[in-house]
Amino acid sequence: MNGHLQVGLESLDKNEALRYMGYGDTAPDEKILSMMDECEKALLAVIKPCCIYHVFDIEAVSQGIAVCGTSLVLEGNAIREHLAGCCKAVLMAATLSAHADRVIRRFEATDMTRAVMADFLASAAVEQVCDQAENAIGQEFADYYRTWRFSPGYGDLPLDIQGSFLDVLQAQKLIGLNATASNILTPRKSVTAVIGLSENEIQKGRQGCSACNMKDVCQFRKRGEHCGV
């Protein structure tokens with residue numbers, strides 16, 4: 001079972017971008033908001049957000065979790081715990097396309113303040129893409145309970161599975177998403193993640209940021225990352 005979603009974004013999550021920038025409860029001034037509007041417009045004019053996903057049966061093995069029908073093993077105790085009780089896993093990859101990287105580089109050549117804003121707006125945007133994809137997955141698999149998204153690099157799930165992860169999804173061919181020799185995704189504003197599917201209710205502690213009482217002040221979320229617990 002797989003899907004390929006073209007995601008339409010009419011606006012970018014400026015509040016999330018401001019949180020990444022460290023504003024917290026401090027309101028930005030009109031100059032900052034005007035610059036953010038400019039950066040948002042530049043990104044929305046060119047990005048091509050999309051997501052692919054594939055649902056696999058999974059099996060616990062000594063190293064972690066085996067993705068059935070492939071040679072991929074999700075290694076580590078963190079992912080084993082995350083997928084405890086799950087019978088299937090959704091492997092997904094999302095990207096804004098290389099156009100987002102070009103916008104950021106263009107601003108870097110002329111104005112670093114705008115470059116930083118565009119970078120954080122793009123980070124917020126790719127999370128919006130993942131949220132929309134997760135909603136679509138939730139509708140398709142409405143009979144299952146879902147864990148939150150868990151990405152390579154969280155906890156002890158090694159980042160060096162990125163290449164194999166993308167190979168399994170054929171992400172290079174389908175959405176132009178690759179990994180460098182140092183396991184950096186290109187285009188840069190991209191995400192890979194695993195979502196567990198269970199026939200039984202998921203414990204609240206495994207439902208992600210939305211269930212965390214630190215979500216509004218979390219330093220990981222400000223950087224567009226996750227604590228992995």
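This text goes through one helix pair and the nonpolar cores of a predicted model.

The helix pair comes first. Helix α2 covers residues 30–44 and helix α5 covers residues 112–140. Their axes lie 9 Å apart, and the two helices pack at an angle of about 60°. That angle makes α2 oblique to α5, because angles under 35 degrees count as roughly parallel and 65 to 115 as roughly perpendicular. The crossing of α2 past α5 is right-handed.

The residues that meet can be listed for each helix. From α2 come Ile32, Met35, Met36, Glu38, Cys39, Glu40 and Leu43. On the α5 side they meet Thr113, Arg114, Met117, Ala118, Leu121 and Ala122. Sorted by class, this contact holds 9 nonpolar, 1 polar and 3 charged residues.

Leu43 of α2 leads on to the nonpolar cores. The largest core has 42 residues, and within this core Leu43, Met92 and Leu96 touch the most other members. Several elements give two or more residues to this core: α1 (14–20), α2, β2 (50–61), β5 (88–95), α4 (98–110), α5 and β9 (190–198). Helix α5 supplies the largest share, 13 residues.

Leu96 can be followed further. Leaving aside residues up to four places away in sequence, Leu96 touches Ile47, Lys48, Pro49, Ala122, Ala125, Val126, Val129 and Lys189. One of these, Ala122, is also among the α5 residues that meet α2.

Apart from the largest core lies another core, of 29 residues. Its members include Ile65, Ile79, Ala89 and Val194.

Technical notes:
Residues are numbered from 1 along each chain as its sequence is written. This is a predicted model: local features need pLDDT of at least 70, side-chain atom pairs count only at pLDDT 80 or more; totals for chains, interfaces and linings use all residues. Side-chain values use heavy atoms; hydrogens and water are left out. Axes are lines fitted to C-alpha atoms, for helices over the stretch in contact, and angles run from 0 to 180 degrees between N-to-C directions. Helices (H or I, at least four residues) and strands (E, at least two) are DSSP runs, numbered from the N terminus. Angles under 35 degrees count as roughly parallel, over 145 as roughly antiparallel, 65 to 115 as roughly perpendicular and the rest as oblique. A crossing is left-handed if the near helix is turned anticlockwise from the far one by less than a right angle, and right-handed if clockwise. Contact means heavy atoms within 4.5 Å. Ala, Val, Leu, Ile, Met, Phe, Trp, Tyr, Cys and Pro count as nonpolar, Asp, Glu, Lys and Arg as charged, and the others, Gly among them, as polar. A nonpolar core is a set of buried Ala, Val, Leu, Ile, Met, Phe, Trp, Tyr and Cys residues joined through side-chain atoms within 4.5 Å. Buried means under 20% relative accessible area, exposed over 50%, partly exposed in between (1.4 Å probe, protein chains only).
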